[in-house]
Amino acid sequence: MISVCMATYNGEKYIREQIDSILVQLGPNDELIISDDGSTDATLSIIGSYNDARIKLLRNIGKHGVNGNFEHALKHAQGDYIFLSDQDDVWLPGKVSACVQALQSADLIVHDCCVTDSNLHILHPSFFAMRGSAPGFWKNWFKNSFVGCCMAFRKEILTYILPIPTGMTTLHDCWIGLLAEAKGKTAFLPFSGIRFRRHEQNTSRTASESKFSLSSRIGCRIGLLRSVLKRIFLKK
């Protein structure tokens, strides 16, 4: 069984295209879990327009933020294989089957993607090449190349990635990836699995220049390392 965990917030502009690209790759017993963080636009009505039992909509009480929103979805995932999804990308044909095959020999995988503008015109054909993506705990602690919308993992890692620490400024994908590096086996796959849409409303600045100062980034990395090490030693 496959669980796709999507976090939404005011995503009316692109969400239908994303949902359509996901559902066509899922089987009848799979699930698309959507956790919404209080959308005030047409996001919820668009989701509600689907007459598809595979879609499970969760509505947060109060604002959870990006990490809390994804955590809410992950807590309800029932699948053997779990995929993370943003609300504004487009999955390419063959993504799910290729990821499931790779997860037979890895605990977590990250695939490449092409970076596009809001109209899906390609800006960078390979996120991996642009970012210098590669496995390795210290490499990704220093410069993260775990991008959530390109990640899938086995359900067993939920036992040590949840709960996601509150107050952590680092996003969920780096947290999950570093713990998988420390406690399991990861793989970076060279195929492009999605069109990674970048636009003015993106929550994450992945593939964009950081807006934080060097001292802020250093402090963030030190705090992340402390949280990861605490989880490694407290949760065997």
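Let's start in a loop: Asn10 sits between β1 (2-8) and α1 (15-23), where helices (H or I, at least four residues) and strands (E, at least two) are DSSP runs numbered from the N terminus. This is a predicted model, in which local features need pLDDT of at least 70, side-chain atom pairs count only at pLDDT 80 or more, and totals for chains, interfaces and linings use all residues. Residues are numbered from 1 along each chain as its sequence is written, and side-chain values use heavy atoms, with hydrogens and water left out.

**Backbone points to check**

Asn10 has a relative accessibility of 28% and so counts as partly exposed; buried means under 20% relative accessible area, exposed over 50%, and partly exposed in between (1.4 Å probe, protein chains only). Most residues other than glycine have a negative phi, and most peptide bonds are trans. Here are two residues with positive phi and their loops.

| Residue | Phi | Loop |
|---|---|---|
| Asn10 | near 45° | between β1 (2-8) and α1 (15-23) |
| Leu120 | near 70° | between β6 (108-116) and β7 (122-124) |

There is also a cis peptide bond, running from Leu162 to Pro163 with omega near -5°. Pro163 belongs to the loop between α7 (158-161) and α8.

**Helix α8 and His172**

Following that loop brings us to α8, which covers residues 172-183 and includes His172. The 12 residues of α8 reach 16 Å from first C-alpha to last, close to the expected 16 Å, a span defined as 1.5 Å times one less than the number of residues. Because 10 of its 12 residues are buried, α8 is largely enclosed by the rest of the structure. Among the buried ones are His172, Trp175 and Glu181.

His172 has 5% relative accessibility, so it counts as buried. Beyond its neighbours within four places in sequence, His172 is in contact (heavy atoms within 4.5 Å) with Val66, Asn67, Phe70, Leu84 and Ile164.

**The chain as a whole**

Stepping back, the chain has 9 helices and 9 strands. Its radius of gyration is 17 Å, close to the 18 Å that the globule rule gives for 236 residues, so the chain is as compact as a globular protein of that length. That radius is taken over C-alpha atoms, and the rule is 2.2 Å times the number of residues to the power 0.38. The C-alpha trace spans about 45 × 40 × 35 Å along its principal axes. Buried residues make up 53% of the 236. Of the contacts with a separation of 6 or more, 76% link residues 24 or more positions apart.
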